[in-house]
Amino acid sequence: MSPVPESKQDRRPPYQHAADELRRDILQGRIKPGEQMPAIRELQERFGVANMTMRSALNVLRDEGLIYTIHGRGSFVADHDAGGEFSANYTAPAWYLANKNEVPDRAELMEGRPDDAEAAGATLAELLTALRDEIRALSADHQELRREVEELKAQRSKP
């Protein structure tokens, strides 16, 4: 990032600047859905910020649904349309389609959880976030398998 003249400086925190630029890269297609985000160290150097600042920027993008993180593998760009949700060609995993009628009711989900509404809401929000991340990880695996199948078909059709 080049220094901005002092009169033109934005007073927003540095993590927001980094998040804005990465968001622009994703939405303009410079980083494509399914692609892995650059390593944290690389992003730190690019934006000239500390580790935690860069993590905060990635958290903003994750909260917006533009990226998802797979523990031990890194962060990846999520499939998105203009609204930041999965693309129209997204197909739910077969295990979900086969078992969608067996989703536990709220009472089963909240079994053994705190009784006060605020704690229950926080627990439910954590559960939904974890499920969203798992679905995105499965979607990435699904897309990777689709690409491999297409590559195999292309190789098979070659004389």
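In what order do the elements of the protein run from the N terminus on? They run α-α-α-β-β-α-α-α, and with the whole chain selected you will find six helices and two strands, where helices (H or I, at least four residues) and strands (E, at least two) are DSSP runs numbered from the N terminus. This is a predicted model, in which local features need pLDDT of at least 70 and side-chain atom pairs count only at pLDDT 80 or more, while totals for chains, interfaces and linings use all residues. Residues are numbered from 1 along each chain as its sequence is written, and side-chain values use heavy atoms, with hydrogens and water left out.

**The whole chain**

Begin by colouring the model by pLDDT, the predictor's confidence in each residue from 0 to 100; the protein averages 76, and 67% of the residues score at least 70. Next select residues 82–92, where the pLDDT is below 50, although this stretch has 19 contacts in the model beyond near neighbours in sequence, a contact meaning heavy atoms within 4.5 Å. Of the 159 residues of the protein, 26% count as buried; here buried means under 20% relative accessible area, exposed over 50%, and partly exposed in between, with a 1.4 Å probe and protein chains only.

**Helix α2 and its neighbours**

Now select residues 40–47, which form helix α2, and pick out its buried residues, Ile40, Leu43, Gln44 and Phe47. They lie on the same side of α2 because they cover an arc of only 105 degrees around the axis, the arc being that of the directions from the helix axis to the C-beta atoms. An α-helix has 3.6 residues a turn, so residues three or four places apart point the same way.

Add helices α1 (14–27) and α3 (51–63) to the view, since the buried residues of α2 pack against α1 and α3. If you then turn to the other side of α2, you will meet Arg41 and Glu45, which are exposed. Just after α2, select Gly48, which takes a positive phi of about 65 degrees.

Moving on to Asn51, you are in helix α3, at a residue that is partly exposed, with a relative accessible area of 33%. Asn51 touches Ile40 and Gln44, not counting residues up to four places away in sequence, and the C-alpha atoms of Asn51 and Ile40, 11 residues apart along the chain, are separated by 7.1 Å.

**Salt bridges**

How many salt bridges does a search of the whole structure find? The search finds eight, a salt bridge being a side-chain nitrogen of Lys or Arg within 4 Å of a carboxyl oxygen of Asp or Glu.

Select Arg46 and Glu21, whose closest N and O atoms are 3.1 Å apart in a salt bridge. Arg46 lies in helix α2 and Glu21 in helix α1, so the pair ties together parts that are 25 residues apart in sequence. Both partners are partly exposed, Arg46 at 33% relative accessibility and Glu21 at 24%.

Asp20 is the next stop, and its salt bridge with Arg12 brings the closest N and O atoms to 2.3 Å apart. Is Asp20 buried or exposed? Asp20 is buried, with a relative accessible area of 18%, whereas Arg12, at 33%, counts as partly exposed. Widen the selection to Arg12, Asp20, Arg23 and Glu64, which are linked in a network of salt bridges.

Then show Asp25 and Arg30, whose side chains meet in a salt bridge at 2.9 Å, N to O. Asp25 counts as buried at 7% relative accessibility, and Arg30 counts as exposed at 51%.

**The cavity**

Finish at the one cavity of 30 Å³ or more that the structure holds, with a volume of about 40 Å³ for the largest cavity. Among the 10 residues that line the largest cavity, select Tyr68, Val77, Ala78, Asp79 and Ser139, the closest to its centre. On a 1 Å grid over the protein atoms alone, a cavity is a set of points where a 1.4 Å probe fits but cannot get out, and lining residues have an atom within 4 Å of a point. Grid points are joined across faces, edges and corners, and a volume is the space filled by probe spheres set on the points. Lastly, select helix α6 (residues 117–157), which gives the most to the lining of the largest cavity, with four residues.

Terms used
On a 1 Å grid over the protein atoms alone, a cavity is a set of points where a 1.4 Å probe fits but cannot get out, and a pocket is an open set with protein on both sides within 12 Å along at least five of seven lines; lining residues have an atom within 4 Å of a point.
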